[in-house]
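Student: Could you take me slowly through one part of this structure, a small sheet with its neighbouring helix, and then through the aromatic rings? Please explain each term as you use it.

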Amino acid sequence: MAFNPINWLLGLFSLDIGIDLGTANTLVNVRGKGIVINEPSWVTIDKRSRHPLAIGMAAKEMVGRTPGNVVVVRPLRDGVISEFDVTQIMLEYFIGRVHEQSVVPLPKPRVVIGIPAGVTEVEKRAVYDAAMAAGARQAFLIEEPIAAALGAGLPIGETRGSMVVDIGGGTTEVAVMSMSGVVASRSLRVAGDEMDQDIIQYLRNKYNLLIGQGVAEQIKITIGSAFPLPTEKTVEVRGRNLVTGLPETVEVSSVEIRDALAASVQVIVDTVRDALDEIPPEIVSDLMDIGICMAGGGALLLGLDKRLADDLNLRVWIAEDPLTCVARGAGMIYEDFENLARYLVGLERGSTRHRA
Ligand code: ADP
Ligand code: MG
């Protein structure tokens, strides 16, 4: 994007932010500054008073360690808001922190916030309301695949097709885009969280070993894969033996974990294939040039790009910094609002306010 001095000056006196409200992570991208907040979408709450005790990273660290009167909540499920009040508290906290970071007092921010493609009017309204309630002066919504594509630098405004596979915590979103719009899309509730569960199940069945979600996620990130590795690896896993009840350490290999993840990986591959089946041959031919772009944290699963490329006979590439694509794409809107506002989605008039 060309440097625009007027935008730069305006940026000094207003706060324009792009937000990726993900099931796993929330990112806040401030115009002129970049990504200033990147934290897990988790909140710990005192059950009795309903007061939040910790938000973001601090809350995620408490998972599995909380006393009885404290719950750790992930307010977004399957890509959409499931706990409205908690989402609002979380957004308010993150937006508030951005405000605190500015040297001069600024007016309330303008916000562009990502929503999964194909969500209902009520779900859109919930995200909009949460952003406004959290202190935005103005809020716009953008479909996440569009934001991811913008962030990844795909030519979605052109008469050429492109495809994004965004694998997050709760959902995998597949979208084919052309001429600034979504041509075909699929949303699947199999993504990073499900893979963590796969690993928990596998170790329980094979070794009678009980581990928590955090450990499972670490195993997935260090040795999880979707395609044979040049050199297979092993890790030591600590857990509790379900038969003896005692702590135990087991050595687990990347071959075993690939086996554990196989079913989820297959579902993701099948869903991408399904979306490909639906698109016109012209766009298939475009995709043969440009390839399939992967975004989201799940794109980093070792060998998943190779696996997709192998099965689908297309080139597959991982976007630069796949975890921040949506936030960067949402933040880009304000850099050239006149041209890029066409990517925003409207709300139907008169739809009622969502209540949690
Ligand atoms: P969301 O958009 O739902 O917030 P993200 O795009 O932030 O999700 O991705 C989070 C998911 O990506 C989590 O399930 C996390 O475990 C997974 N993830 C992050 N890094 C890796 C990695 N290197 N390998 C495999 N999965 C990863
Ligand atoms: Mg996401």
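Tutor: We begin with the sheet, move on to the helix that lies across it, and finish with the rings.

This is a predicted model, in which local features need pLDDT of at least 70 and side-chain atom pairs count only at pLDDT 80 or more, while totals for chains, interfaces and linings use all residues. Residues are numbered from 1 along each chain as its sequence is written, chains are lettered from A and ligands numbered from 1 in the order in which they are written, and side-chain values use heavy atoms, with hydrogens and water left out.

The sheet is an open one of 3 strands, arranged in the order β5-β4-β6 with antiparallel pairing. Helices (H or I, at least four residues) and strands (E, at least two) are DSSP runs numbered from the N terminus, and two strands pair if DSSP finds at least two bridges between them. Because β5 (52–55) and β6 (70–73) stand at the edges with a single partner strand each, one side of each is left without a neighbour in the sheet. From one strand to the next, the twist averages 20 degrees; axes are lines fitted to C-alpha atoms, for helices over the stretch in contact, and angles run from 0 to 180 degrees between N-to-C directions. Strand β4 (residues 43–46) pairs with β6 in the antiparallel sense over 4 bridges, and the bridge partner of valine 43 in β6 is valine 73.

Helix α3 (residues 84–101) lies across β4, β5 and β6, and runs at about 55 degrees to β5; contact here means heavy atoms within 4.5 Å.

Now the rings: those of Phe, Tyr and Trp (its six-membered ring) pair if their centres lie within 6.5 Å, and planes under 30 degrees apart count as stacked, over 60 as edge-to-face and the rest as tilted. By this rule there are 3 aromatic pairs. The rings of tyrosine 93 and phenylalanine 94 have centres 5.5 Å apart and planes at 50 degrees, so this pair is tilted. Buried means under 20% relative accessible area, exposed over 50%, and partly exposed in between (1.4 Å probe, protein chains only). Tyrosine 93, with a relative accessible area of 33%, is therefore partly exposed, whereas phenylalanine 94, at 0%, is buried. The rings of tyrosine 334 and phenylalanine 337 have centres 5.7 Å apart and planes at 15 degrees, so that pair is stacked. Tyrosine 334 is buried at 2% relative accessibility, while phenylalanine 337, at 28%, is partly exposed. Together, Phe140, Tyr334 and Phe337 form one aromatic cluster.
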